[in-house]
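Subject: Structure handover

Hi,

Here is the structure I promised to pass on to you. My notes on what turned up in it follow right below, so you can read them with the model open.

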Amino acid sequence: MTFQKSRSLRLDVEDKYDADDHVPDYLLNSPFLPPGSTTDRFFTDRAVAPPRFRLRQLLHLPWRRRILPLTLLATILFLLTRSLNERLQQYLHPVPSCALQAPLVPPSPAEVAERGKDVDWGKMAYALYVTNTEYLCNALMIFEALHRLGSKASRVMLYPEGMSMITPSAESNLLQKARHDFGVRLVPVKIQERQDQFKIWASSYTKLLTFNQTSYSRLLVLDSDATLLQPMDELFFLPSNSTPAFPQAYWLPRPYLTSSMMLITPNSNTSALLDSAVANAKPGVFDMEIVNSMFGDSCNLIPHRGYTLLSGEFRRKAEKHRGYYSQLKYSMIPQSLPKPSSISDSEWDAKQVIKQNWDPDAELKLAKYVHFSDDPFPKPWIRPTDREKEKFQPKCVPIASTQGTASNEEKHAEDEEDCRARDIWLNLYDDFAKRRLGICGFRISS
């Protein structure tokens, strides 16, 4: 009886599963069920859905098994974020097409001397703008350099209309000195400033008022936080057709124009358009962004090499000068490189691609205008702390890793380190401080 009851109970259970024809849903993916087939009585005939992956499952994995999937996930998110950021930058700041063209080639000194005989230099001028006493002194130092170096072009300075030339003050003394000692024409203007913008550049729109100085046929507009090492009169002879010219902002990761130097033909209509652009500028849009937006598709390019050298370039490592020597940039100096058969000899002389090593001595000798840009290191009229100077000054490098010319290597063969970049950089700041005291009577502030 016992055997028959047991057999009857087993058959009843099997019949029950045959009748149900499936196991409970919560057991379908159970790892504790033995492998079987659709013929097994305890398994359903329908296909079992594969398990679905969920991110929270990663949290339950052993830490060693989490590393690879989490790394892959982080990489994907990084690439997606970077791609979206690049697209956003391209939308907000599209690449100006003229920044990709070859720069114009300035005439030789002999050609400038010959053509300069028939030029009305009163119609061509170096133009600077100032917004406060510090920049007034900076501008005066550049005008002094132009005077000392024998530049033939005129000089004009836009200064705040609130600065008095009559009431005795530091500002009036500097304005009088600019006029009487260096022949600068003084133009009082209302400072163009936006209170909702970043303070350091909030008044940079004032530079664009130079487009309204229509008594000049051509202006070379310069930022004053710089050192002028050589005159640049040859730039006034670049082809014009009223098309403005700018150097490329070679230090940026994407091709862009810099407004630190502008060769322009003043025009009232253009000035009105710029006034409108300033009035409607959104946060983060300054003079440089406006210039790229308005002239980016119709401008000429001034060679950046020799004409716009950042002081921060001396702080870069020898292999980090890719922007300065990028293959998209061109040199004002002929290079001994093989000429492609697709272009003429004259084009090759004018448009040779730079491919050479960084030599700080050679670049300083070539430079005519050095723009102080070493953020977060302070500007040269502000005294840095010893800690800041030690931290941000260029580092000396082993002689074996320098890539100068043979003569420079022989010159420093007995030294353990090459400190030329550091010495040049420190001298630029020291020279600025000395000239500031001698010309303006100002010591660098703390």
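Tyr324 is buried, with a relative accessible area of 1%. Please keep in mind that this is a predicted model. The ring of Tyr324 pairs with that of Trp358 in an edge-to-face arrangement, with 5.9 Å from centre to centre and 85° between the planes. Trp358 is buried too, at a relative accessible area of 6%. Tyr324 sits in the loop between strand E9 (309-310) and helix H8 (345-350), while Trp358 belongs to the loop between H8 and helix H9 (360-366), so this contact ties together parts that are 34 residues apart in sequence.

That is one of 18 aromatic pairs. Another is Trp381 with Phe432: the ring centres are 6.3 Å apart and the planes meet at 40°, so this pair is tilted. Trp381 comes from the loop between strand E10 (369-371) and helix H10 (386-392), and Phe432 from helix H12 (residues 420-440), so parts 51 residues apart in sequence are tied together. With relative accessibility of 6%, Trp381 counts as buried, and so does Phe432 at 1%. Both rings belong to a cluster linked by ring pairs, which also takes in Tyr135, Phe372, Phe377, Phe392, Trp425 and Tyr429.

Next, the disulfides. The whole structure has three of them. If you number the bonded cysteines in sequence order, the pairing reads 1-3, 2-6, 4-5.

- Cys98 and Cys299: the sulfur atoms are 1.9 Å apart. The S-S torsion is about 80°, so this disulfide is right-handed. Cys98 lies in the loop between H2 and helix H3 (109-115) and Cys299 in the loop between H7 and strand E8 (300-302), a separation of 201 residues. Cys98 is buried at 3% relative accessibility, as is Cys299 at 5%.
- Cys137 and Cys440: here the S to S distance is 2.1 Å. A torsion of about 105° makes this disulfide right-handed. The bond connects helix H4 (residues 133-149), home of Cys137, to helix H12, home of Cys440, across 303 residues. Cys137 is buried, with 0% relative accessibility, and Cys440 is buried with a relative accessible area of 11%.
- Cys396 and Cys419: the sulfur atoms are 2.0 Å apart. The torsion is about 120°, so this disulfide is also right-handed. Cys396 is in the loop between H10 and strand E11 (397-398), and Cys419 in the loop between strand E12 (417-418) and H12, 23 residues apart. Cys419 counts as buried at 15% relative accessibility.

Now for the charged side chains. There are 16 salt bridges in the structure. In one of them, the closest N and O atoms of Lys207 and Asp287 are 3.0 Å apart. Lys207 is in the loop between strand E3 (184-189) and strand E4 (218-222), and Asp287 is in helix H7 (residues 287-295), which puts the partners 80 residues apart. Both of these residues, Lys207 and Asp287, are buried.

Lys368 and Glu234 form another salt bridge, at 2.4 Å from N to O. This one spans 134 residues, from Glu234 in the loop between E5 and strand E6 (245-247) to Lys368 in the loop between H9 and E10. Lys368 is buried at a relative accessible area of 13%, and Glu234 is buried at 9%.

What about the accessibility of Arg316, which forms a salt bridge with Glu313? Arg316 counts as partly exposed, at 36% relative accessibility, whereas Glu313 counts as buried, at 2%. The closest N and O atoms of this pair are 3.3 Å apart. Elsewhere, Asp359, Asp361, Asp418 and Arg420 are joined into one network by salt bridges that share partners.

Two more items to look at. An open sheet of three strands, with mixed pairing, runs in the order E5-E10-E9. Its edge strands are E5 (226-228) and E9, each pairing on one side only. E9 and E10 run parallel and are joined by two bridges, and Leu309 has Val370 in E10 as its bridge partner. On the surface, Leu70, Leu73, Ile76, Leu77 and Leu80 make a nonpolar patch of about 440 Å². Ile76 is found in helix H2 (residues 63-92).

Happy to talk it over whenever suits you.

Best wishes

Technical notes: Residues numbered from 1 in each chain as written. Predicted model: local features only at pLDDT ≥ 70, side-chain atom pairs only at ≥ 80, totals over all residues. Heavy atoms only, no water. Phe/Tyr/Trp six-rings, centres within 6.5 Å; stacked < 30°, edge-to-face > 60°. Helix = DSSP H or I, 4+ residues; strand = E, 2+ residues; numbered from the N terminus. Buried < 20%, exposed > 50% of the residue type's maximum accessible area, 1.4 Å probe, protein only. Pairing = 2+ DSSP bridges. Salt bridge = Lys/Arg side-chain N within 4 Å of Asp/Glu carboxyl O. Patch = residues over 30% accessible without salt bridge, like charges linked within 9 Å, V, L, I, M, F, W, Y side chains within 5 Å. Areas by Shrake-Rupley, 256 points an atom, 1.4 Å probe, with all protein chains shown as cover. Disulfide = S-S within 2.5 Å.
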